[in-house]
Amino acid sequence: MKKKILVVDDDQAVLTYLLVKLGARYDLVTTDAGDQVMRLVKKEMPDLIVCDIDMPDVDGGDISAQLYGDDKTRYIPMLFLSALVPAKDAKRGEVGGRPAISKSAPIDELIARIESLMV
């Protein structure tokens, strides 16, 4: 059975790219609406959340705080996806204490970070 990942990004091109690159390996649920994340998380109960940091309505930090503030969702691993993290830091990047990876990191680095968080 495939692991389920919720991908949150306000850029449809990023969501489409990740669906193409990760869809065969994982069961992906996507949204471009940060304000819908908590509803989706409670409905889908993903194994991991990959979330953009810089979004217009609710940013990744707000989503992280909401997840941590709820007993049912606080233990779901989260990986920030951001242009703010240099690609050279793909293996060790962090933002606000959460693991982070550059949007420009090679897909194999993204998969490695995902796999390391879903143990």
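Read from one end of the sequence to the other, this chain runs β-α-β-α-β-α-β-β-β-α. That comes to 4 helices and 6 strands. Keep in mind that this is a predicted model.

A few whole-chain numbers help set the scene. The chain has 119 residues, and 48% of them are buried. If you take the contacts between residues at least 6 apart in sequence, 53% of those join residues at least 24 apart. The accessible surface adds up to about 6,300 Å², with carbon and sulfur atoms accounting for 52% of that.

**Helix H1 and its neighbours**

Start with helix H1, residues 12–22, where Val 14, Leu 15, Leu 18 and Leu 22 are buried. Why do they sit on the same side of H1? Because they cover an arc of only 100° around the axis. Turn to the face pointing away from that buried side and you meet Ala 13 and Val 20, both exposed. As for packing partners, the buried residues of H1 go up against E1, E2, E4 and H4.

Leu 28 gives a close-up of this region. It is a residue of strand E2, and its relative accessibility is 15%, so it counts as buried. Leaving aside residues up to four places away in sequence, Leu 28 touches Ile 5, Val 7, Leu 18, Leu 19, Leu 22 and Gly 23. Two of these contacts, Leu 18 and Leu 22, also appear among the buried residues of H1. Leu 28 can also be set beside Lys 2: the two are 26 residues apart in sequence, with their C-alpha atoms 9.4 Å apart in space.

**Helix H2**

Now for H2, which spans residues 37–44. Its buried residues are Val 37, Met 38, Leu 40 and Val 41. They share one side of H2, because the arc they cover around the axis is only 160°. What do the buried residues of H2 pack against? The list has strand E1 (4–8), strand E2 (27–31), strand E3 (48–52) and helix H3 (60–68). E1 and E2 thus turn up as packing partners for the buried residues of both H1 and H2. Right after H2 comes Met 45, with a positive phi of about 45°.

**Salt bridges**

How many salt bridges are there? The count is 6. Here are three of them, with the closest N to O distances.

| Salt bridge | N to O distance |
|---|---|
| Glu 44 and Lys 4 | 2.9 Å |
| Lys 42 and Asp 70 | 2.8 Å |
| Lys 103 and Asp 52 | 3.4 Å |

Take Glu 44 and Lys 4, whose side chains meet in a salt bridge. This pair links distant parts of the chain, with Glu 44 in helix H2 and Lys 4 in strand E1, 40 residues apart. Is Lys 4 buried or exposed? Its relative accessibility is 19%, so Lys 4 counts as buried; the cut-off for that label is under 20%.

The next bridge also starts from H2, and joins the side chains of Lys 42 and Asp 70. Lys 42 lies in helix H2 while Asp 70 is in the loop between H3 and strand E4 (78–82), so the bridge ties together parts 28 residues apart in sequence. Lys 42 is partly exposed, at 46% relative accessibility, whereas Asp 70 is buried, at 15%.

Then there is Lys 103 with Asp 52. Lys 103 belongs to the loop between strand E6 (98–102) and helix H4 (107–117), and Asp 52 to strand E3, so this pair connects parts 51 residues apart in sequence. The lysine end, Lys 103, is partly exposed at 32% relative accessible area, while Asp 52 has just 3% relative accessibility and counts as buried. Some salt bridges share partners too, and in this way Lys 4, Lys 43 and Glu 44 join into one network.

**Rings**

What about aromatic pairs? The structure holds 0 of them. There is a charge over a ring, though: Arg 74 lies over the face of Tyr 68, at 4.7 Å from the ring centre. Tyr 68 falls within the 60–68 span of helix H3, the helix that the buried residues of H2 pack against along with E1, E2 and E3.

Methods. Residues are numbered from 1 along each chain as its sequence is written. This is a predicted model: local features need pLDDT of at least 70, side-chain atom pairs count only at pLDDT 80 or more; totals for chains, interfaces and linings use all residues. Side-chain values use heavy atoms; hydrogens and water are left out. Helices (H or I, at least four residues) and strands (E, at least two) are DSSP runs, numbered from the N terminus. Buried means under 20% relative accessible area, exposed over 50%, partly exposed in between (1.4 Å probe, protein chains only). Contact means heavy atoms within 4.5 Å. Accessible areas come from the Shrake-Rupley method with a 1.4 Å probe; for residues, only the protein chains shown count as cover. The arc is that of the directions from the helix axis to the C-beta atoms. Rings of Phe, Tyr and Trp (its six-membered ring) pair if their centres lie within 6.5 Å; planes under 30 degrees apart count as stacked, over 60 as edge-to-face and the rest as tilted. A charge sits over a ring if NZ of Lys or CZ of Arg is within 6 Å of the ring centre and within 35 degrees of the ring normal. A salt bridge is a side-chain nitrogen of Lys or Arg within 4 Å of a carboxyl oxygen of Asp or Glu.
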